[in-house]
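Here's a quick tour of one chain, with an eye on its packing and its aromatic rings. Have a look at the model first, then read on.

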Amino acid sequence: MIRKIIGSIFLILIVVFLVIAIFIWWKYKPAVIVLVNGDIYVGELKEYFNKIVLKEPWLLQTQFNPQNNQPQRVLVRWSTTVWEPKDYLVFNKNQILFWGYIKKEGNLWQGLERNKSLGVLLLQTTQPQTIQSATSSGQ
């Protein structure tokens with residue numbers, strides 16, 4: 001009788017430990033996802049068996065600056081698009097080319113956090129510098 005009670009308590013403790021471990025291991029982590037069609041998403045990723053869930057996703061787009069008609073790269077929050085979808089996406093793993101985790105302390109993630117209410121983050125890119133070759137004059 002006492003062995004059954006101790007065995008039951010031990011089994012309950014193991015189940016509770018496993019649930020806590022899975023919860024900690026399966027938490028959402030900031031990530032970038034690149035799809036096979038070339039689309040790039042940023043958000044909080046959680047992996048489930050054959051599906052990937054991206055919470056609070058942002059989509060990388062190219063837009064034209066109305067002032068100078070130059071292309072600029074922006075991240076647009078998925079939930080702020082015209083059709084106002086829920087704030088998560090579910091991908092099949094076969095749609096994903098690759099994904100990588102990013103740092104919460106990094107510039108990209110901090111920029112997204114600051115611009116959540118706005119729903120748009122302009123990505124500042126530096127222009128590539130041209131390298132001028134040194135030519136000898138007079139020869």
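Let's start from the outside: the chain has an accessible surface of about 10900 Å², and carbon and sulfur atoms own 60% of that. Keep in mind that this is a predicted model. Of its 139 residues, 27% count as buried.

As for the fold, you get two helices and seven strands, and reading from the N terminus the order is α-β-β-β-β-β-β-α-β. If you take the contacts between residues at least 6 apart in sequence, 49% of them join residues at least 24 apart.

Now for the inside. The largest nonpolar core has 12 residues: Ala-31, Ile-33, Leu-35, Tyr-41, Leu-45, Ile-52, Leu-54, Leu-59, Trp-78, Leu-89, Phe-91 and Ile-96. At least two residues of this core come from each of strand 1 (29-35), strand 2, strand 3 (51-64) and strand 5. There's also a second, separate core of eight residues, with Val-42, Trp-58, Leu-60 and Trp-109 among them.

Ala-31 is a handy place to zoom in. Leaving out residues up to four places away in sequence, Ala-31 touches Tyr-41, Val-42, Gly-43, Leu-45, Gly-100, Tyr-101 and Ile-102. Tyr-41 and Leu-45 on that list belong to the largest core along with Ala-31, while Val-42 sits in the second one.

On to the rings. A search of the whole structure turns up three aromatic pairs. In one of them, Tyr-41 and Trp-78 have ring centres 6.1 Å apart and planes at 70°, so this pair is edge-to-face. Tyr-41 is in strand 2 (residues 40-48), whereas Trp-78 is in the loop between strand 4 (71-77) and strand 5 (88-92), so the pair ties together parts that are 37 residues apart in sequence. Both residues, Tyr-41 and Trp-78, are buried. Zoom out a bit and ring pairs link Tyr-41, Trp-78, Trp-83 and Phe-91 into a cluster. Tyr-41, Trp-78 and Phe-91 from that cluster are also listed in the largest core.

Rings also meet charges here. These two lysines each lie over a tyrosine ring:

| Lysine | Ring | Distance to ring centre |
|---|---|---|
| Lys-29 | Tyr-101 | 5.4 Å |
| Lys-55 | Tyr-28 | 4.5 Å |

One link back to the core: Tyr-101, the ring under Lys-29, is also one of the residues that Ala-31 touches.

Technical notes:
Residues are numbered from 1 along each chain as its sequence is written. This is a predicted model: local features need pLDDT of at least 70, side-chain atom pairs count only at pLDDT 80 or more; totals for chains, interfaces and linings use all residues. Side-chain values use heavy atoms; hydrogens and water are left out. Rings of Phe, Tyr and Trp (its six-membered ring) pair if their centres lie within 6.5 Å; planes under 30 degrees apart count as stacked, over 60 as edge-to-face and the rest as tilted. Helices (H or I, at least four residues) and strands (E, at least two) are DSSP runs, numbered from the N terminus. Buried means under 20% relative accessible area, exposed over 50%, partly exposed in between (1.4 Å probe, protein chains only). A charge sits over a ring if NZ of Lys or CZ of Arg is within 6 Å of the ring centre and within 35 degrees of the ring normal. Contact means heavy atoms within 4.5 Å. Accessible areas come from the Shrake-Rupley method with a 1.4 Å probe; for residues, only the protein chains shown count as cover. A nonpolar core is a set of buried Ala, Val, Leu, Ile, Met, Phe, Trp, Tyr and Cys residues joined through side-chain atoms within 4.5 Å.
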